[in-house]
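Me: I am new to this structure and would like to learn how to read its features one at a time. May we begin with a single residue and work outwards?

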Amino acid sequence: MTLTLVIEKFASRAIRKISTNKKIRKFIPKAGAIQKKNKGLFSQLWNGFAKFSVSLLSGVWKALSSGFSWSFTALMGVIHASKEFILNFNWNPSDAQLDLNIKNAFDSIPGAIGQFLGKAAGYLTCGALPGAVIFAFNQPMGAYVLEELGMEALEELTGSLANLIRVTATSFRQAVFAYTHKQLRTLWRESDSNFRKRLQATGLKKQFIDKAIAERNKPFIIRSILDKKVESIKSKPLKSFVENFLEEFDETCIEAGYVIAGGLDTYIAQKNLEKVTERNSTKNIEVEVQENGSVTLKEFKPATTT
């Protein structure tokens, strides 16, 4: 199928003829054109700082968003981490342990803040200020030094700020989990303090009360329970069989899961690449200009040699 275009009948051609009176247009710059003025030292440094800040935030966003990219391999990693968490988590901690977990979660944040601010202050005091002094006396040299410093500072501060955000998010997640666990557990059992008061009201001695509290807060870890079950097997051949079976089953499931996830990601990537290649494939167009000014376009397929 061919497409015929008559250039002389284009609306743009008709408008151009009327507006230019069938003559060639010339573009003449205005006499009062705005000229760039030399900026002061403070203005140039401020513009450089603004660009650096934008680049820093952009780099941090890329560093953080790369960790949230979805794939079957990433999903398998989440499943593996969740399985390890469920097996190794103590589902019956004491109230004191939960309070300590909340405190430890928030105690890790100031260290990450100090790391980031220390690097920022170091680059500012020992890098940016001397570079600004050099720039004041020799602009080309100062610009080169500040550019090299900016690249190094951008790389270091991007990683440090991204780490600060990750540590803060992880700490808040752990604190919220511990607090929620403690509050939900009160739905089916009273707190340790109320339990102690109730036992004290019965006249029990302190040693029996402490023993009762320790018994109700006995750790409940699924992996430890499984290990104890295996260790309790008296038959050595059966015990060896169970230990090796469970160990190999766990490792093989993980390896097989990652192989399947990697295969799915590779297959999807190949299909997406095929779509992009097909969409960006080059087509040969044959253009024929007739004497009356009409233009004919049609796809040209070169002959293949056998």
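Reply: Let us begin with His181, which is buried, with a relative accessible area of 13%. The model is a predicted one. His181 is found in helix α5.

Me: Why does His181 count as buried?

Reply: A residue is called buried when its relative accessible area is under 20%. The relative accessible area of His181 is 13%, so His181 is buried.

Me: Which residues does His181 touch, leaving aside those up to four places away in sequence?

Reply: With those neighbours not counted, His181 touches Phe89, Asn90, Trp91, Pro93 and Leu98.

Me: Is Arg185 buried or exposed?

Reply: Arg185 is buried, with a relative accessible area of 4%. Arg185 also lies in helix α5. When residues up to four places away in sequence are not counted, Arg185 touches Asn92, Pro93, Ser94, Asp95 and Leu98.

Me: How should two packed helices be described?

Reply: In general, one gives the angle between their axes and the distance between the axes. Here, helix α4 covers residues 95-137 and helix α5 covers residues 139-185. The two pack at an angle of about 170°, and their axes are 9 Å apart.

Me: What does that angle say about the directions of α4 and α5?

Reply: An angle over 145 degrees counts as roughly antiparallel. For this pair the angle is about 170°, and α4 and α5 are therefore roughly antiparallel to each other. The residues of their contact comprise 28 nonpolar, 13 polar and seven charged.

Me: What is the general idea behind a nonpolar core?

Reply: In soluble globular proteins, nonpolar side chains tend to be buried together. In this model, the largest nonpolar core has six residues: Ala112, Phe116, Ala153, Leu157, Leu161 and Leu164. Helices α4 and α5 each supply at least two residues of this core. The largest share, four residues, comes from α5.

Me: Which residues does Ala112 touch, if those up to four places away in sequence are not counted?

Reply: On that basis, Ala112 touches Leu164 and Val167. There is also a second, separate core of five residues, which includes Leu98, Ile102, Ala105 and Ala175.

Me: How may positions far apart in the sequence be compared in space?

Reply: One may set the separation along the chain beside the distance between C-alpha atoms. Thr170 and Ile109 are 61 residues apart in sequence, and their C-alpha atoms are 9.6 Å apart in space. Thr170 lies in helix α5 and is partly exposed, with a relative accessible area of 27%.

Me: What is the C-alpha separation of Gln97 and Asn217?

Reply: The C-alpha atoms of Gln97 and Asn217 are separated by 9.9 Å, while the two residues are 120 residues apart along the chain. Gln97 is found in helix α4 and is partly exposed, with a relative accessible area of 37%.

Me: Where is Val259 placed?

Reply: Val259 is in helix α9, which covers residues 236-279. Val259 is exposed, with a relative accessible area of 62%. Val259 and Thr73 are 186 residues apart along the chain, and their C-alpha atoms are separated by 8.6 Å.

Me: How many helices and strands does the protein chain have?

Reply: The protein chain has nine helices and three strands. Along the sequence, these elements follow the pattern β-α-α-α-α-α-α-α-α-α-β-β.

Me: What share of the residues in the protein chain is buried?

Reply: Of the 306 residues in the protein chain, 18% are buried. The accessible surface of the chain comes to about 23,800 Å², and carbon and sulfur atoms account for 64% of that surface. As for contacts with a separation of 6 or more, 71% are between residues 24 or more positions apart.

How values were computed: Residues numbered from 1 in each chain as written. Predicted model: local features only at pLDDT ≥ 70, side-chain atom pairs only at ≥ 80, totals over all residues. Heavy atoms only, no water. Axes fitted to C-alpha atoms, helices over the stretch in contact; angles between N-to-C directions. Parallel < 35°, antiparallel > 145°, perpendicular 65-115°, else oblique. Nonpolar A, V, L, I, M, F, W, Y, C, P; charged D, E, K, R; others polar. Buried < 20%, exposed > 50% of the residue type's maximum accessible area, 1.4 Å probe, protein only. Contact = heavy atoms within 4.5 Å. Areas by Shrake-Rupley, 256 points an atom, 1.4 Å probe, with all protein chains shown as cover. Core = buried A, V, L, I, M, F, W, Y, C linked by side-chain atoms within 4.5 Å.
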